[in-house]
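Hi everyone, thanks for making time for this. I'd like to walk you through one structure, element by element, and then spend a while on how its chains meet. Here it is on the screen.

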Amino acid sequence: MLKKIFLKRLTEVVKRKNKMKRLLVILFMSPVFAYTQVPDTCFTQQEIYDISNTLDSLWIADSINNNLISAQQTLIDSKTQLNRLDSLHIQFQNKKIELLEDNIKLYVEREKYLKPKWYDSKIIYFSSGILTAILTSKLIVEVVK
Amino acid sequence: MKQTLNKFYAFIAGIVTVVVAFILLKDKKTKNNVAKTDVKIAKNDQQIADTDTKIDDVIKQKEEVVEDIKKQEEVVEDLKEAKDSIEVKPEATVEDAKENILKKTNRGRKKKK
């Protein structure tokens, strides 16, 4: 019985010691972890100047690029508008060409109507004049007889 | 004899009348057709004049747009030149440089809630 109690006590003591050990290890190691978390940010003066200058130039480049993008966008819009106007111009020109071709056809047709006919010939007028004169003279002769 | 002559003259007169009537009718038809064609030509001319006005407007607008494009291209060229020749003023002190770095990086910016 005593032996059992002694063994139990012993195991409890050993467990406590182990817990203490772990706690101590954690306590001693914590500063190490803390220091390792801090990054090494030590720069020379020249490096600071360089970083500052690089940052400035990048900021300026960024603003210029933004302006460039907006300028290019405006340019694209203008060229699209020009393209639309070109299409409109071509459309109107085609319409004009159609109307002019139609006009040519109409003028040709008009020319056909105004072309001198067979009865507009001078020979016909001349012969009909002679015929009228002969017939009239014959008529007069007959009337006199 | 007189009767034969009268018949002959009547026949001639008939033929002449028919020919003259035919010619007159043909002339009238031709004149009508010419008048119709003239009206069509006038209408076409009016449409051509309208189209010319529209074309002139479009050409004017195109000239304006081309001018704008030239100006915009100049702006783009200037920006490209400016991009190629960026000059930065160096900071006077290290403190200014530090402040500049903090101001222009995420560390320097306040976090939004």
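**Starting with a helix of chain A**

Let me begin with H3(A), which has 23 residues and reaches 33 Å from its first C-alpha to its last, close to the 33 Å expected at 1.5 Å a residue. Please keep in mind throughout that this is a predicted model. How many of the 23 residues of H3(A) are buried? The count is 0, so to speak a bare helix: H3(A) is hardly covered.

Now let's step back to chain A as a whole. Chain A has 3 helices and 0 strands, and from the N terminus on its elements run α-α-α. Of its 145 residues, buried ones make up 3%.

The next helix to look at is H2(A). It has 70 residues, and from the first C-alpha to the last H2(A) reaches 101 Å, close to the 104 Å expected at 1.5 Å a residue. Which residues are buried in H2(A)? They are Ser52(A), Asp56(A), Ser78(A), Leu85(A) and Phe92(A).

Over to the partner. Chain B has 2 helices and 0 strands. It has 113 residues, of which 5% count as buried.

**Where the chains meet**

So how many residues does each chain bring to the contact? Chain A puts in 43 residues and chain B puts in 39 residues. On the side of chain A that touches chain B, helix H2 (45-114) and helix H3 (122-144) each supply at least two residues. H2(A) gives the most to that side, with 40 residues. If you sort the residues on this side of chain A by type, you get 23 nonpolar, 12 polar and 8 charged.

Let's zoom in on one helix pair, H2(A) and helix H2 of chain B, residues 94-103. Their axes come within 9 Å and cross at roughly 45 degrees. That angle makes H2(A) oblique to H2(B). And the crossing of H2(A) and H2(B) is left-handed.

Who makes this contact? From H2(A) we have Gln45(A), Ile48(A), Tyr49(A), Ile51(A), Ser52(A), Leu55(A) and Asp56(A). From H2(B) we have Val94(B), Ala97(B), Lys98(B), Asn100(B) and Ile101(B). The residues of this helix contact divide into 7 nonpolar, 3 polar and 2 charged. Two of the names from H2(A), Ser52(A) and Asp56(A), are also among the buried residues of that helix.

**Three residues along H2(A)**

To finish, I picked out three residues to visit in turn. The first stop is Leu55(A), which lies in helix H2 of chain A. Is Leu55(A) buried, exposed or partly exposed? Leu55(A) counts as partly exposed, because it has 17 C-beta neighbours inside 10 Å, and 20 or more would be needed for buried. Not counting residues up to four places away in sequence, Leu55(A) touches Asn100(B), Ile101(B) and Lys104(B).

Next comes Ala61(A), again found in helix H2 of chain A. Ala61(A) counts as partly exposed, because there are 14 C-beta neighbours inside 10 Å. Leaving aside neighbours within four places in sequence, what is Ala61(A) in contact with? The answer is Lys83(B) and Ile86(B).

The last stop is Leu82(A), whose place is in helix H2 of chain A. With 17 C-beta neighbours inside 10 Å, Leu82(A) counts as partly exposed. Its contacts, leaving aside neighbours within four places in sequence, are Lys62(B), Val65(B), Val66(B) and Ile69(B).

If you take one picture away, let it be H2(A), with its 70 residues, giving the most to the side of chain A that touches chain B. Thanks for listening!

Methods: Residues are numbered from 1 along each chain as its sequence is written. Chains are lettered from A and ligands numbered from 1 in the order in which they are written. This is a predicted model: local features need pLDDT of at least 70, side-chain atom pairs count only at pLDDT 80 or more; totals for chains, interfaces and linings use all residues. Two residues are in contact if their C-beta atoms, placed from the backbone, lie within 7 Å. Helices (H or I, at least four residues) and strands (E, at least two) are DSSP runs, numbered from the N terminus. Ala, Val, Leu, Ile, Met, Phe, Trp, Tyr, Cys and Pro count as nonpolar, Asp, Glu, Lys and Arg as charged, and the others, Gly among them, as polar. A residue is buried if 20 or more other C-beta atoms lie within 10 Å of its own, exposed if 12 or fewer, and partly exposed in between; C-beta atoms are placed from the backbone. Axes are lines fitted to C-alpha atoms, for helices over the stretch in contact, and angles run from 0 to 180 degrees between N-to-C directions. Angles under 35 degrees count as roughly parallel, over 145 as roughly antiparallel, 65 to 115 as roughly perpendicular and the rest as oblique. A crossing is left-handed if the near helix is turned anticlockwise from the far one by less than a right angle, and right-handed if clockwise. The expected span of a helix is 1.5 Å times one less than its number of residues.
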